[in-house]
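Work through the three exercises below with the structure open. Try each task before reading its solution.

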Amino acid sequence: MQGKVEICGVNTAKLKTLKNDEMVELLRRSKQGDEQARQRLVEGNLRLVLSVIQKFIGRGENPDDLFQVGCIGLLKAIANFDETKLVRFSTYGVPMIAGEIRRYLRDNSTIRVSRSVRDTAYKILQCKEQMISENSREPSLEEIAKRLALPLEDVVYAMDAISLPVSLYEPVYSDGGDPLTVMDQVRDEKNTDEHWVERIALREAIGQLSPREKHILALRFFDGKTQMEVAGEVGISQAQVSRLEKNAISSIRRAISVP
């Protein structure tokens, strides 16, 4: 983040991380009113906040402010997350954190929207968060319109009206030469919000694997080696490679799956 190690007084190089079983236990204790568990949850998910605010860096906002707003989204995610559902916290938390930052950017925009449209938009956002909490997934605009008994056109118009505009010529990256602008990326279907959230969830899921499992997956799917070749390099049998590979893939699927 612009070469910055410390943000809001937090040393980003020393942030803690939590394993999935630790996360589940802390979420359970936090729901029971354990403030120490809640504090550990916040500290253990600050890397998640940093991952999300990377998407919003470069819009003229102070990274410290974005980080603080992201932490508010994290606190809301912790308060509303249902640990009994078979979904990873990061899958639920990322949209909540991003949504809080978008609201902050929208409310600080110089563009003014009529009060009635803004009120409609707030109702839509509240309904959206409630439906995410209930179903652990983001609802479609059609589902929101049905829940609020509003015409779909009104929902689309209200959400468009409060969306933060971005210039097509806004630079998104520069290495000293000609900057890469939004216009250069408008046709890039890989950088959608959905894929962006999936990448964060996948990275965290892989991070929970053992070093041997990570090594085997890297050899198999990045280097393109056969199980026999991997067995010879790692020093175990082909059957063991197959078992470890299947276990690793199953763990990743469980971690990122949404019921």
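**Exercise 1: Aromatic rings**

This predicted model holds 2 aromatic pairs. Task: classify each pair by its geometry, and find what the pair with Tyr-92 ties together.

Solution.
- Step 1. Take Phe-81 and Phe-89. Their centres are 5.4 Å apart, with 85° between the planes. Planes over 60 degrees apart count as edge-to-face, so this pair is edge-to-face.
- Step 2. Take Phe-81 and Tyr-92. Here the centres are 5.5 Å apart and the planes form an angle of 50°. This pair is tilted.
- Step 3. Place the second pair. Phe-81 lies in the loop between helix H4 (63-80) and H5, while Tyr-92 is in helix H5, so the pair ties together parts 11 residues apart in sequence.
- Step 4. Join the pairs. Phe-81, Phe-89 and Tyr-92 are linked into a cluster. Phe-81 and Phe-89 are buried, and Tyr-92 is buried too.

**Exercise 2: Arg-212**

Task: is Arg-212 buried, exposed or partly exposed, and which residues beyond four places in sequence does it contact?

Solution.
- Step 1. Locate Arg-212 in helix H10 (residues 211-222).
- Step 2. Its relative accessible area is 43%, so Arg-212 is partly exposed.
- Step 3. Beyond four places in sequence, Arg-212 contacts Val-234, Ile-236 and Leu-244. Leu-244 is 32 residues away in sequence, yet 8.4 Å away C-alpha to C-alpha.

**Exercise 3: A pocket**

Task: describe the lining of the second largest pocket.

Solution.
- Step 1. The second largest pocket has a volume of about 370 Å³.
- Step 2. Its lining has 20 residues; Asn-20, Arg-88, Ser-251, Arg-254 and Ala-255 lie nearest the centre.
- Step 3. Helices H1, H5, H9 and H12 each give two or more residues to this lining.
- Step 4. By type, the lining divides into 11 nonpolar, 4 polar and 5 charged residues.

Definitions and conventions. Residues are numbered from 1 along each chain as its sequence is written. This is a predicted model: local features need pLDDT of at least 70, side-chain atom pairs count only at pLDDT 80 or more; totals for chains, interfaces and linings use all residues. Side-chain values use heavy atoms; hydrogens and water are left out. Helices (H or I, at least four residues) and strands (E, at least two) are DSSP runs, numbered from the N terminus. Buried means under 20% relative accessible area, exposed over 50%, partly exposed in between (1.4 Å probe, protein chains only). Contact means heavy atoms within 4.5 Å. On a 1 Å grid over the protein atoms alone, a cavity is a set of points where a 1.4 Å probe fits but cannot get out, and a pocket is an open set with protein on both sides within 12 Å along at least five of seven lines; lining residues have an atom within 4 Å of a point. Grid points are joined across faces, edges and corners, and a volume is the space filled by probe spheres set on the points. Ala, Val, Leu, Ile, Met, Phe, Trp, Tyr, Cys and Pro count as nonpolar, Asp, Glu, Lys and Arg as charged, and the others, Gly among them, as polar. Rings of Phe, Tyr and Trp (its six-membered ring) pair if their centres lie within 6.5 Å; planes under 30 degrees apart count as stacked, over 60 as edge-to-face and the rest as tilted.
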